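This report is meant for someone meeting the structure for the first time. It begins with the whole chain and then turns to particular helices and side chains.

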Amino acid sequence: MKQNLLKVLRGDKSQMEMAKEYGVSQQCWQSWETGRTVPDNSTMLRMENNFGVPMEHIFFDSFNYKSK
């Protein structure tokens with residue numbers, strides 16, 4: 001699975017800072033960032049609102065798995 005936009009969207013913040021902001025472990029954030037897993041829908045919606053980017057764009061591969 002291809003990486004998603006989380007690494008780009010977090011900018012200068014560390015994975016640990018982002019993990020704390022979203023109430024998860026750094027390993028969980030890293031897993032989201034590398035595309036191994038995705039957050040639950042409520043967390044994706046929160047990211048969409050915080051980053052101003054639709055969740056379908058942040059997690060493109062997860063939403064478009066049938067097009068491969």
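Of the 68 residues of the protein, 31% count as buried in this predicted model. The protein has six helices and zero strands, and from the N terminus on its elements run α-α-α-α-α-α. Among the contacts in the protein with a separation of 6 or more, 45% are accounted for by residues 24 or more positions apart.

**Helix α2**

The buried residues of α2 are Q15, M18, A19 and Y22. Seen down the axis of α2, these buried residues fall within an arc of 100°, so they line one face of the helix. A general property of such helices is relevant here: with 3.6 residues a turn, residues three or four places apart point the same way. The buried residues of α2 pack against α3 and α4. Just after α2 comes G23, which takes a positive phi of about 70°.

**Helix α3 and its packing against α2**

Helix α3 spans residues 26–34, and within it W29, S31, W32 and E33 are buried. The cover over the buried residues of α3 includes α1 (6–9), α2 (15–22) and α4 (41–51). After α3 comes G35, whose phi is positive, near 85°.

How are two packed helices described? The description uses the angle between their axes and the distance between the axes. For α2 and α3, the packing angle is about 105°, and the axes are 8 Å apart. That angle lies in the range from 65 to 115 degrees, and therefore α2 is roughly perpendicular to α3. On the α2 side of this meeting are Q15, M16, M18, A19 and Y22, while Q26, W29, Q30 and E33 take part from α3.

**The aromatic cluster**

Which residues form one aromatic cluster? The members are Y22, W29 and W32, and a search of the whole structure finds two aromatic pairs. In one of them, the rings of Y22 and W29 have their centres 5.6 Å apart and their planes at 35°, so the pair is tilted. Y22 and W29 are both buried. Another side chain also belongs in the description of Y22, since R46 lies over the face of that ring, at 4.4 Å from the ring centre.

**Two buried residues in the helices**

The table sets out T43 and S31, each with its helix, its relative accessible area and its contacts, where neighbours within four places in sequence are left aside.

| Residue | Helix | Relative accessible area | Contacts |
|---|---|---|---|
| T43 | α4 | 16% | Y22 and W32 |
| S31 | α3 | 10% | R36 and T37 |

Is T43, in helix α4, buried or exposed? With a relative accessible area of 16%, T43 is buried, because buried means under 20% relative accessible area. Once its neighbours within four places in sequence are left aside, T43 is in contact with Y22 and W32, and these two residues belong to the aromatic cluster that also includes W29.

S31, which lies in helix α3, is likewise buried, with a relative accessible area of 10%. Leaving aside its neighbours within four places in sequence, S31 is in contact with R36 and T37.

Taken together, these details return repeatedly to Y22, which is buried, pairs with W29, has R46 over its face and is in contact with T43.

Notes. Residues numbered from 1 in each chain as written. Predicted model: local features only at pLDDT ≥ 70, side-chain atom pairs only at ≥ 80, totals over all residues. Heavy atoms only, no water. Phe/Tyr/Trp six-rings, centres within 6.5 Å; stacked < 30°, edge-to-face > 60°. Buried < 20%, exposed > 50% of the residue type's maximum accessible area, 1.4 Å probe, protein only. Lys NZ or Arg CZ within 6 Å of the ring centre and 35° of its normal. Helix = DSSP H or I, 4+ residues; strand = E, 2+ residues; numbered from the N terminus. Contact = heavy atoms within 4.5 Å. Arc of directions from axis to C-beta. Axes fitted to C-alpha atoms, helices over the stretch in contact; angles between N-to-C directions. Parallel < 35°, antiparallel > 145°, perpendicular 65-115°, else oblique.
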